[in-house]
Amino acid sequence: MNGLLIGRFQPFHLGHLEALRFALSKVDKLWVGLGSSNKPIEKNNPFTAEQRKEMILSSIDDSMKDKISIYFIPDLDNHMKWIEKIDTIVPKFDIIFSNDDLTKHLYSKRNVQVVSIPFLNRGSLSGTNIRDLIISDQKWEDLVPNGTRNFLKNTNAKDHLKNL
């Protein structure tokens, strides 16, 4: 059985890692969709799809890598066109993992099971919070996996985020 999990992963953090583990406990193969892949770099979308893919792949172990494929999912203004576009990008899937009400609604009309993801520590584990902590020189390192931490430090994410 195959599943789909779409996120923006700006940046990829421990909550996302837990969501991948949760999804992989339910399916054999997981398609990970990097949302907003066509959006320009800006304050709320500071990392490219390629950078986010690198963060994920550097943060997961080989057993997870064997079960995950990553796809770039562009934003479209029309929701029906968006899920039709997803059909052209990712292989067939039986389950979509989402906490988004609109996504749940769109897929409830199809023969796809929608499964909610348990949130892990949602207050601190949000991309917005982590970006704010990085910019304000507060402790953020323990909210992301090692791969993301190394990526953010090696790419001088603090300066990058401050300049957006």
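Biologist: How do the residues of the lining of the largest pocket divide into nonpolar, polar and charged?

Modeller: Keep in mind that this is a predicted model. The largest pocket has a volume of about 940 Å³, and of the 33 residues that line it, the closest to its centre are Ile6, Gly7, Arg8, Asp100 and Arg122. Sorted by type, the lining comes out as 14 nonpolar, 14 polar and 5 charged.

Biologist: Okay, helix 4 next. Which residues are buried there, and why do they sit on the same side?

Modeller: The buried ones are Trp82, Ile83 and Ile86. In general, an α-helix has 3.6 residues a turn, so residues three or four places apart point the same way. Here the three buried residues share a side of helix 4 because they cover an arc of only 90° around the axis.

Biologist: What do those buried residues of helix 4 pack against?

Modeller: Look first at the opposite face, turned away from the buried side: that one carries the exposed Lys81 and Thr88. The buried residues, for their part, pack against strand 1 and helix 5.

Biologist: And Gly33, is that buried or exposed?

Modeller: Gly33 belongs to strand 2, residues 29-34. Beyond its neighbours within four places in sequence, Gly33 is in contact with Leu4, Leu5, Ile6, Gly7, Phe9, Tyr71 and Ile73. Buried means under 20% relative accessible area. Gly33 has 0% relative accessibility, so it counts as buried.

Biologist: At the start of helix 4, which backbone nitrogen does a side-chain oxygen of Asn78 reach?

Modeller: The Asn78 oxygen comes to within 2.9 Å of its partner at the start of helix 4. That partner is the backbone nitrogen of Met80.

Note on methods. Residues are numbered from 1 along each chain as its sequence is written. This is a predicted model: local features need pLDDT of at least 70, side-chain atom pairs count only at pLDDT 80 or more; totals for chains, interfaces and linings use all residues. Side-chain values use heavy atoms; hydrogens and water are left out. Helices (H or I, at least four residues) and strands (E, at least two) are DSSP runs, numbered from the N terminus. Buried means under 20% relative accessible area, exposed over 50%, partly exposed in between (1.4 Å probe, protein chains only). Contact means heavy atoms within 4.5 Å. On a 1 Å grid over the protein atoms alone, a cavity is a set of points where a 1.4 Å probe fits but cannot get out, and a pocket is an open set with protein on both sides within 12 Å along at least five of seven lines; lining residues have an atom within 4 Å of a point. Grid points are joined across faces, edges and corners, and a volume is the space filled by probe spheres set on the points. Ala, Val, Leu, Ile, Met, Phe, Trp, Tyr, Cys and Pro count as nonpolar, Asp, Glu, Lys and Arg as charged, and the others, Gly among them, as polar. The arc is that of the directions from the helix axis to the C-beta atoms. A polar contact is a pair of N or O atoms within 3.5 Å; within protein, one must be able to donate a hydrogen and the other to accept it, and residues adjacent in sequence count only if both atoms are side-chain atoms.
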